[in-house]
Amino acid sequence: MSKKLRVIAAIIGVLALGLVVPTAVYAHGVNIEYTSDVEIEIVAEYDSGEPLAGAQVAVYAPDDPSTPWLIGVCDDQGRFSFTPDTSKPGTWDVQVRLAGHGDMIHIPIGEDTAPTGGIGGYTQLQIGLMAACVVWGSVGTALYFSRRRNA
Amino acid sequence: MKKRIFIPVVALSVLSIILAGCIGGGATGKLQLYANGEDFVRQGFVSKDGWSINFDHVYITLSDVTAYQTDPAYDPHSETDIEGKVTVTLDKVYTIDLAEGDESAPPILVDELLDVPVGHYNAISWEMARAESGPADGHSLVMIGTAEKEGQTIDFTISIDEECEYNCGEYVGDERKGILEEGGTADMEMTFHFDHIFGDAELPADDGLNLGAVGFEPFAEDAESGTVIDMTEMHLGHVGEGHCHCQCH
């Protein structure tokens with residue numbers, strides 16, 4: 001066995017030890033997990049400062065901007081609270097309406113804010129052509145180096 | 001032999017890459033743009049000073065109608081211009097009769113844009129401009145109708161010459177608008193609240209809308225109205241119940 005192969009075999013053997021040697025087992029362990037929920041409270045008022053008491057509220061999640069995720073009503077102080085699903089990061093849109101007056105606010109939730117507008121996706125034909133180009137390039141590269149090794 | 005195969009294969013690969021960029025240019029759909037004078041125009045209403053107003057025609061001239069996809073969403077209260085990641089524009093001038101049809105008439109289709117990029121169009125801008133021909137020639141807004149109060153009936157023609165730019169956020173209403181999917185159709189609406197000009201008797205006299213409205217009385221004194229009103233303060237343009245930043249000149 002060449003020296004190179006012996007080194008590779010030794011490295012593989014050391015890594016394999018980590019899989020087969022039993023670790024210590026502790027009885028009566030305690031697992032604690034936590035989740036961080038974000039509660040959003042909005043306050044809706046007229047320009048005069050008068051609260052939009054009883055205003056209709058519609059909350060839209062980032063993954064479905066067409067369908068309300070939650071519908072509710074503001075209280076007497078124009079307040080409304082909800083806890084967004086943090087597994088859906090992005091911009092949450094909240095619409096408030098009362099007697100012909102209304103407005104919408106946009107609340108970023110999560111690590112990244114998903115874009116509210118797109119610039120257009122790719123058609124199936126474009127995806128297929130791009131995939132074919134990548135495959136062709138990979139095959140060609142492999143054949144090139146294969147020829148050099150055999151030369 | 002290998003050279004004879006190699007060159008055509010490379011040429012085919014390059015052609016494929018070029019076609020991939022040219023064909024389709026991304027997913028697209030159709031975007032329709034509507035104008036809506038609401039029931040105030042279609043059914044009439046009572047002004048804050050007690051005049052029962054019914055419209056025969058409300059001619060409004062619209063130009064530079066532009067729809068945007070914005071991120072972050074445009075805030076009309078910021079009083080800035082709209083910056084869109086995607087922008088599509090109607091390149092014509094339109095004179096629309098908001099009173100067209102009967103009391104139950106739907107909003108009026110101004111025009112539609114074919115093959116525009118998909119996404120959420122969440123802002124819109126337009127100019128209320130002076131017409132250069134047609135029934136509103138020389139004016140940006142012409143209101144024709146009758147007003148009645150305490151047995152007195154007035155036939156009126158109220159003409160506005162101010163030109164106004166409206167920059168508006170997202171439509172606020174029963175359903176969201178402007179969400180365009182591949183091969184689909186979406187719509188957006190320019191809404192015009194004429195109760196902001198004349199007030200509304202169904203609201204308290206000290207309601208903010210009535211306090212800001214001029215009522216009908218100034219126009220009653222001159223039915224072929226030369227009365228000048230500040231259209232910036234009238235906040236005529238909306239997107240459903242959503243707001244616009246308005247600048248008139």
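The following exchange concerns strand pairing in chain B of a predicted model.

User: In which sense do strand S2 and strand S3 of chain B pair, and over how many bridges?

Analyst: Strand S2 of chain B covers residues 45–46, and strand S3 of chain B covers residues 52–69. Within S3(B), B:Ile53 is the residue that faces B:Phe45. The sense of pairing between S2(B) and S3(B) is antiparallel, over 2 bridges.

User: Which residue takes a positive phi in the hairpin of S2(B) and S3(B)?

Analyst: This hairpin has 5 residues between the strands. One residue of the hairpin has a positive phi near 85°, namely B:Gly50.

User: Over how many bridges do S3(B) and strand S9 of chain B pair?

Analyst: Strand S9 of chain B spans residues 141–149 and pairs with S3(B) in the antiparallel sense. Opposite B:Ser52 stands B:Glu148, a residue in S9(B). The number of bridges between S3(B) and S9(B) is 8.

User: Which residue in S5(B) stands opposite B:Thr61?

Analyst: Strand S5 of chain B, residues 94–97, is an antiparallel partner of S3(B) over 4 bridges. In S5(B), the residue opposite B:Thr61 is B:Thr95.

User: What are the bridge partners of B:Ala67 in S8(B) and in S4(B)?

Analyst: S3(B) pairs with strand S8 of chain B, residues 123–128, in the antiparallel sense over 5 bridges. S3(B) also pairs with strand S4 of chain B, residues 86–89, in the antiparallel sense over 4 bridges. The partner of B:Ala67 in S8(B) is B:Ile124, and in S4(B) the partner is B:Val88.

Definitions and conventions. Residues numbered from 1 in each chain as written. Chains lettered and ligands numbered in written order. Predicted model: local features only at pLDDT ≥ 70, side-chain atom pairs only at ≥ 80, totals over all residues. Pairing = 2+ DSSP bridges.
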